[in-house]
Amino acid sequence: QTFQRITQAMIEEHKQINFYLDQVSVTLDSLRDAGNDVEPMRRLAAQIAGLKERLAEHHQTEEEGGLFQAILEVMPESRVEVSRLTNQHEKIIEILELARIHALEGEPSEAAALREDLKSFLEMFRDHECQEEHS
């Protein structure tokens, strides 16, 4: 029962995170038509900061709040997979921080490159979330 409760809570958190990801995707799409306006880049930086903060809390809950530990207690053979997911958490936060800085300090002419990089990141991150849900 405890495992089911923890799992349900994590699935709900993943839904919330997907909401943040969807917002970032919409803003990324708006970068196409931004021209010389820096406002969409700054809005993106703020959204990335919010996503990063939410993810840091989520990762802490997974790693220290019981989900990963519960998985290891039930399936000790999944230790390598859990370790891999934990290592990805750190990398995800680093990538988001670099993207936030780029969006905050970048020029509109850099928007296309940032947009492509972040689109790739979002796909990778959604795959990560699916892997967690299936672990």
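How far apart along helix H5 are Phe121 and Phe125, counted in residues and in helical turns? I would like to begin there, and I should say straight away that what we have on the screen is a predicted model. Phe121 and Phe125 are four residues apart in helix H5, which covers residues 111-134, so they are separated by about one helical turn.

Let me step back to the whole chain before returning to those two rings. The chain contains five helices and zero strands, and if you read along the sequence you meet the pattern α-α-α-α-α. The C-alpha trace spans about 55 × 25 × 20 Å along its principal axes, and of the 135 residues in the chain, 37% are buried.

Now to the aromatic rings, of which the structure holds two pairs. In the pair made by Phe19 and Tyr20, the ring centres lie 6.5 Å apart and the planes stand at 75°, and because planes over 60 degrees apart count as edge-to-face, that is the name this pair receives. The other pair is the one I opened with, Phe121 and Phe125, where the distance is 6.1 Å from centre to centre and the angle between the planes is 25°, so that this pair is stacked, the cut-off being under 30 degrees.

It is also worth asking, for the residues in these pairs, which are buried and which are exposed. Phe19 has a relative accessible area of 52% and is exposed, since the cut-off for that word is over 50%, while Tyr20, at 28% relative accessibility, counts as partly exposed. In helix H5, by contrast, Phe121 is buried with a relative accessible area of 5%, and Phe125 is buried as well, with a value of 0%.

My last topic is charge, and here I would ask you to look at the surface. Glu63, Glu64, Glu90 and Glu94 gather there in a patch of negative charge, and the elements that contribute two or more residues to this negative patch are helix H2, residues 39-64, and helix H4, residues 79-105. To take one member of the patch as an example, Glu63 is placed in helix H2, and with a relative accessible area of 32% Glu63 is partly exposed, because that value falls between the 20% and 50% cut-offs.

To close, I would suggest finding the stacked pair, Phe121 and Phe125, in the model, and then turning to the surface to find the negative patch that includes Glu63.

Key. Residues are numbered from 1 along each chain as its sequence is written. This is a predicted model: local features need pLDDT of at least 70, side-chain atom pairs count only at pLDDT 80 or more; totals for chains, interfaces and linings use all residues. Side-chain values use heavy atoms; hydrogens and water are left out. Rings of Phe, Tyr and Trp (its six-membered ring) pair if their centres lie within 6.5 Å; planes under 30 degrees apart count as stacked, over 60 as edge-to-face and the rest as tilted. Buried means under 20% relative accessible area, exposed over 50%, partly exposed in between (1.4 Å probe, protein chains only). Patches are made of residues with over 30% relative accessible area and no salt bridge: like charges are joined within 9 Å, nonpolar side chains (Val, Leu, Ile, Met, Phe, Trp, Tyr) within 5 Å. Accessible areas come from the Shrake-Rupley method with a 1.4 Å probe; for residues, only the protein chains shown count as cover. A salt bridge is a side-chain nitrogen of Lys or Arg within 4 Å of a carboxyl oxygen of Asp or Glu. Lys and Arg count as positive and Asp and Glu as negative; His and the chain ends are not counted. The place of a charge is taken as NZ of Lys, CZ of Arg, CG of Asp or CD of Glu.
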